[in-house]
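Here is a set of short exercises to work through with the structure open beside you. Try each task before reading its solution.

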Amino acid sequence: MSTPPPSRRAALLTLGCARNEVDSEELAGRLAAGGWEVSEGIDGTAGADVIVVNTCGFVESAKKDSVDTLLDAAETGAKVVAVGCMAERYGAELAENLPEAAAVLGFDHYPNLGERLDDVVAGRPLASHQPVDRRTLLPITPVQRPAAAPDVTVPGHGWGPRVLRKRLDTAPVAALKIASGCDRRCSFCAIPSFRGAFVSRTPDEIVAEGAWLAGEGVRELFLVSENSTSYGKDLGRAHGGPDALALLLPRLAALPGVERVRVSYLQPAETRPTLLRAIAGTPGVADYFDMSFQHASSTVLRRMRRFGGTESFLALVEQIRALAPDAGIRSNVIVGFPGETEEELAELEHFLTEARMDVVGVFGYSDEDGTEAEKHGGKLDPEVVAERVSRVSGLVEQLTAQRAEDRVGDEVLVLVERVDEDGVAGRAAHQGPEVDGECLLLDTEATVGQFVRGKVVESEGVDLVVRPLEVLP
């Protein structure tokens, strides 16, 4: 047996989405269990023997950020290891073009990452990850996947009763992964090819991790996946089948210490009335609907290999507001998709105007390696795409500011997340972490992790100014 190096200090740098943040905390837990001292962020790199960069491979700008972070990490003098989505997606190609990285490791290396870092620190060569289409690793039929899943590494899955996770911050909100992968075949998206087919975690495993997070001081659980509306379709009727998420929410909301549960990334075409009612009607679950519309023109959506259109989407928004008039609704849209006409863009603008959502992310289309849309004709000039992004973003800025202004006079329950020289701030139920704006609390000495009931007295863009009425114990 080889002798591990005497110094075993690793720093983790995380890029990308909340799912990556969960993966980094799993890696931190595995490393800590293996005897490694683990730190997080740029400040934690000082004195590290190896820096693990959890990369993002979603779009071109994210890939550039990942490469820049890897290069900056190499300048510290520590050994650098690339993991995460970009490493999984490109593997040996990334290693060849980035000699500064001592190793490029895929998801299959996660269970034994500590041993691989021992190899890196000791100077033992490691073969770079060889990418495969991870959709091919599990059966096509979802209900057959649970039996096959233990033989396939899926980050955040299969822990059993033990929680293999180490918190890397003390924030009162934490992401909780309920599933991984996606079975949809959106023509613009490469995520399923490197994240794999859709796999749900069992409800008991999710609840156990939620209880553990509550014990770590977490007050809000942020449920994440690539497609939350598919949750449970591979678990069978014993776990609720298509209603599994609606049945899971009350269990999580009832956990001691958990005051708020929030669901992310709902597919409009898969969102069932039972789930809408569960989100809107379960005490402790935020009235928050993160709907992945992507566009509103039915013809553009068909080219995207998606379903729905303006009429059905507005009907869904109406259903939500009938159940929860003050609900937060957010979405992302893609403009400049191949073949998009002025009429189709105008339909998107009409939908956005009528839907009056709280937050909308606007993205310009760009080709992604290996996707169907990469081969589509009718590509728009980048200048046209940029102009459309600017045009729709300007409309969204006006609409979301109006929606925030409409909340002046409302009472909100704010989870305090920030106390600094700029004041005390947090988020209300209609605001998701990091991307949906925040509430600035006036004249309060509330601390991070407390809930404050207050009245909205002003709006600033999508942000709200709140006068506290009560700091909850």
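**Exercise 1. A pair of helices**

This is a predicted model. Find how helix α13 (residues 342–355) and helix α14 (residues 382–406) are placed relative to each other, and which residues make the contact.

Solution.
- Step 1: Start with the axes. Those of α13 and α14 come within 10 Å and cross at roughly 15°.
- Step 2: Classify the angle. An angle under 35 degrees counts as roughly parallel, so α13 and α14 are roughly parallel to each other.
- Step 3: Note the hand. The crossing of α13 past α14 is right-handed.
- Step 4: List the partners. From α13 come E342, L345, E349, L352 and T353, and from α14 come R388, R391, V392, L395, V396 and L399.
- Step 5: Sort them by character. The contact of α13 with α14 holds six nonpolar, one polar and four charged residues.

**Exercise 2. Another packed pair**

Describe the packing of helix α10 (residues 273–281) against helix α12 (residues 310–323).

Solution.
- Step 1: The axes of α10 and α12 are 9 Å apart, and the helices pack at an angle of about 35°.
- Step 2: α10 and α12 make a right-handed crossing.
- Step 3: On the α10 side, L276, R277 and A280 take part; they meet L316, Q319, I320 and L323 of α12.
- Step 4: By character, the residues where α10 meets α12 are five nonpolar, one polar and one charged.

**Exercise 3. Looking for disulfides**

How many disulfides does a search of the whole structure find? Check C182 and C189 on the way.

Solution.
- Step 1: Recall the chemistry. A disulfide covalently joins the sulfur atoms of two cysteines.
- Step 2: Take the total. The search of the whole structure finds zero disulfides.
- Step 3: Check C182. It is in no disulfide, and the nearest cysteine sulfur, in C186, is 6.3 Å away.
- Step 4: Check C189. Its closest cysteine sulfur is also that of C186, at 6.2 Å, which is too far for a bond.
- Step 5: Compare the surroundings. C182 has 10% relative accessibility and counts as buried, whereas C189, at 23%, is partly exposed.

**Exercise 4. Two residues and their neighbours**

Is N227 buried or exposed, and is V22 buried or exposed? Then find what each of them touches.

Solution.
- Step 1: Locate N227. It sits in the loop between β9 (220–224) and α9 (244–253).
- Step 2: With a relative accessible area of 1%, N227 is buried.
- Step 3: Leaving out residues up to four places away in sequence, N227 touches C182, R184, F198, Y265, Q267 and E270. The C182 of Exercise 3 is thus among the contacts of N227.
- Step 4: Locate V22, which is in helix α1 (residues 18–33). V22 is buried, with a relative accessible area of 1%.
- Step 5: Beyond its neighbours within four places in sequence, V22 contacts R165, A175, L176, K177 and V224.

**Exercise 5. Positive phi**

Where do Q294 and E434 lie, and is each buried or exposed?

Solution.
- Step 1: Recall the usual case. Most residues other than glycine have a negative phi.
- Step 2: Read the angles. Q294 has a positive phi of about 70°, and phi of E434 is near 75°.
- Step 3: Place them. Q294 is in the loop between β11 (288–290) and α11 (298–303), while E434 is in the loop between β15 (423–427) and β16 (439–441).
- Step 4: Check accessibility. Q294 is buried at 7%, whereas E434 is exposed at 73%.

Terms used
Residues numbered from 1 in each chain as written. Predicted model: local features only at pLDDT ≥ 70, side-chain atom pairs only at ≥ 80, totals over all residues. Heavy atoms only, no water. Disulfide = S-S within 2.5 Å. Buried < 20%, exposed > 50% of the residue type's maximum accessible area, 1.4 Å probe, protein only. Axes fitted to C-alpha atoms, helices over the stretch in contact; angles between N-to-C directions. Helix = DSSP H or I, 4+ residues; strand = E, 2+ residues; numbered from the N terminus. Parallel < 35°, antiparallel > 145°, perpendicular 65-115°, else oblique. Left-handed = near helix turned anticlockwise from the far one by under 90°. Contact = heavy atoms within 4.5 Å. Nonpolar A, V, L, I, M, F, W, Y, C, P; charged D, E, K, R; others polar.
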